[in-house]
Amino acid sequence: VADEKVAKKITEQKILELRERQMRGTPKHMSLESLYSKLSDGNFKELKIILKADVQGSIEALTQSLEKISSEKCHLHVIHGIVGGINESDVMLAAASDAIIIGFHVKADPKAQVLAEKEGVDIRYYSIIYEAVEKLRKAMEGILEPDLKEVVEGKTKVRQIFKSSRVGNIGGAMVLKGRITRQHRVRLVRDNVVIFDGKLSSLKRFKDDVKEVAEGYECGVALEGFNDLHEGDMLESYRIDKTAAKL
């Protein structure tokens with residue numbers, strides 16, 4: 001708004017609303033699962049979206065693609081689109097405006113993830129524009145397929161880089177939470193941006209090959225087809241569970 005006094009008044013009101021919701025317990029905000037039922041009630045006309053991506057080109061392409069599937073029954077409106085990882089401010093905006101958050105090649109930082117769970121804000125992650133558009137279109141039409149839910153098994157931080165003539169760069173790492181395993185996929189996150197998503201080519205404890213390493217232990221990791229490990233990189237070991245969509 002043009003007037004600073006009005007801006008402050010609106011901000012204070014939104015803060016009060018958030019505090020009231022926290023006192024009442026976790027609210028249920030808009031989600032893709034509930035979209036069709038809300039549309040069927042006839043009282044819901046606009047799905048608000050907060051869009052975060054790795055580059056500006058992705059923001060523009062996704063915004064155009066999502067708004068194209070708008071209809072008389074439901075208008076898709078990107079109320080906030082910016083480059084970068086998902087943070088607490090994004091979650092607070094989603095809670096205040098009853099929006100969903102879409103992350104494209106980016107992740108939520110830990111504080112934002114905790115706040116989203118507390119506020120009941122729906123965060124969706126995509127790496128292909130078509131998949132994001134199709135998911136929202138099917139949610140609007142009430143034909144959601146079984147949901148693929150990501151379960152993070154553990155988080156491992158790369159602390160030192162070693163060079164190997166046989167396997168390339170090896171990350172000397174510490175498992176900070178959960179576990180890292182050979183059987184699950186891993187995602188390399190650098191500054192809340194996903195740099196790599198694939199498999200481990202090597203997992204070692206000292207000089208021994210192992211199937212998994214638990215929380216609190218050090219390990220050596222190498223990634224399949226990726227050799228650009230940096231100190232400070234975070235590796236997320238995860239699995240995908242298939243669950244029935246709820247409408």
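Reader: How many aromatic pairs does a search of the whole structure find?

Author: Keep in mind that this is a predicted model. Searching the whole structure turns up 1 aromatic pair. To read such a pair, look at how far apart the ring centres are and at the angle of the planes; planes under 30 degrees apart count as stacked, over 60 as edge-to-face and the rest as tilted. Here the partners are Phe-196 and Phe-226, with centres 5.2 Å apart and planes at 35°, so the pair is tilted.

Reader: Where in the chain do Phe-196 and Phe-226 sit?

Author: Phe-196 belongs to strand β8, while Phe-226 is in the loop between β12 (218-223) and β13 (234-243). They are 30 residues apart, and the pair links distant parts of the chain.

Reader: And are those rings buried or exposed, Phe-196 to begin with?

Author: For burial, check the relative accessible area: under 20% is buried, over 50% is exposed. Phe-196 has 11%, so it is buried. Phe-226 has 17%, so it is buried too.

Reader: What is β8 paired with?

Author: Strand β8 (residues 193-198) runs antiparallel to strand β7 (residues 185-190), and 5 bridges join them. To follow the pairing in the viewer, pick Val-186 and look across to Gly-198, its bridge partner in β8. The hairpin of β7 and β8 has 2 residues between the strands, and Asp-191 takes a positive phi there, near 55°.

Reader: Why would I care about the sign of phi?

Author: Because most residues other than glycine have a negative phi, a positive one catches the eye. His-105 is another case, with phi near 60°. His-105 is in the loop between β3 and α5, and with a relative accessible area of 29% it is partly exposed. Then there's Phe-206, whose phi is positive at about 60° although it is not a glycine. Phe-206 sits in the loop between β9 (200-205) and β10 (208-209), and it counts as exposed, at 73% relative accessibility.

Reader: What about strand β6, which strands does it pair with?

Author: Try tracing β6 (residues 168-181) and noting its partners. It is joined to β12 by 4 bridges, and the two run antiparallel. Gly-171 has Val-221 as its bridge partner in β12. There are also 3 bridges from β6 to strand β11 (residues 212-214), again antiparallel, with Thr-181 partnered by Glu-212.

Reader: Now the cores. Which residues touch the most other members of the largest nonpolar core?

Author: A core is read by asking who is in it and which elements supply it. The largest nonpolar core has 19 residues, and those touching the most other members are Leu-47, Ile-49, Leu-66, Leu-76, Ile-102 and Leu-136. At least two residues of this core come from each of β1 (46-53), α3 (56-68), β2 (75-83), β3 (100-104) and α6 (129-141). Apart from it lies another core, of 16 residues, and Phe-196, Leu-200, Val-221 and Leu-229 are among them.

Reader: Take Leu-76. What is it in contact with?

Author: Leu-76 lies in strand β2 and is buried, at 0% relative accessibility. Leaving aside neighbours within four places in sequence, its contacts include Leu-47, Ile-49, Leu-66, Leu-136 and Met-140.

Reader: How do I read a helix, say α5? Which of its residues are buried?

Author: Colour the helix by burial and look down its axis. In α5 (residues 110-119), the buried residues are Ala-112, Leu-115, Ala-116 and Glu-119. They cover an arc of only 105° around the axis, which puts them on the same side of α5. Over on the other side, Pro-110, Val-114 and Glu-117 are exposed. Gly-120 follows α5, with a positive phi near 75°.

Reader: Which charged residues lie over the face of a tyrosine?

Author: For this one, find the ring centre and see what sits above the face. Lys-107 lies over the face of Tyr-125, 4.1 Å from the ring centre. Arg-187 lies over the face of Tyr-238, at 4.3 Å from the ring centre.

Reader: And for the chain overall, how many helices and strands are there?

Author: The chain comes to 6 helices and 13 strands. Buried residues make up 43% of its 247 residues. Of the contacts with a separation of 6 or more, 66% are between residues 24 or more positions apart.

Methods: Residues are numbered from 1 along each chain as its sequence is written. This is a predicted model: local features need pLDDT of at least 70, side-chain atom pairs count only at pLDDT 80 or more; totals for chains, interfaces and linings use all residues. Side-chain values use heavy atoms; hydrogens and water are left out. A nonpolar core is a set of buried Ala, Val, Leu, Ile, Met, Phe, Trp, Tyr and Cys residues joined through side-chain atoms within 4.5 Å. Buried means under 20% relative accessible area, exposed over 50%, partly exposed in between (1.4 Å probe, protein chains only). Contact means heavy atoms within 4.5 Å. The arc is that of the directions from the helix axis to the C-beta atoms. Two strands pair if DSSP finds at least two bridges between them. Rings of Phe, Tyr and Trp (its six-membered ring) pair if their centres lie within 6.5 Å; planes under 30 degrees apart count as stacked, over 60 as edge-to-face and the rest as tilted. A charge sits over a ring if NZ of Lys or CZ of Arg is within 6 Å of the ring centre and within 35 degrees of the ring normal.
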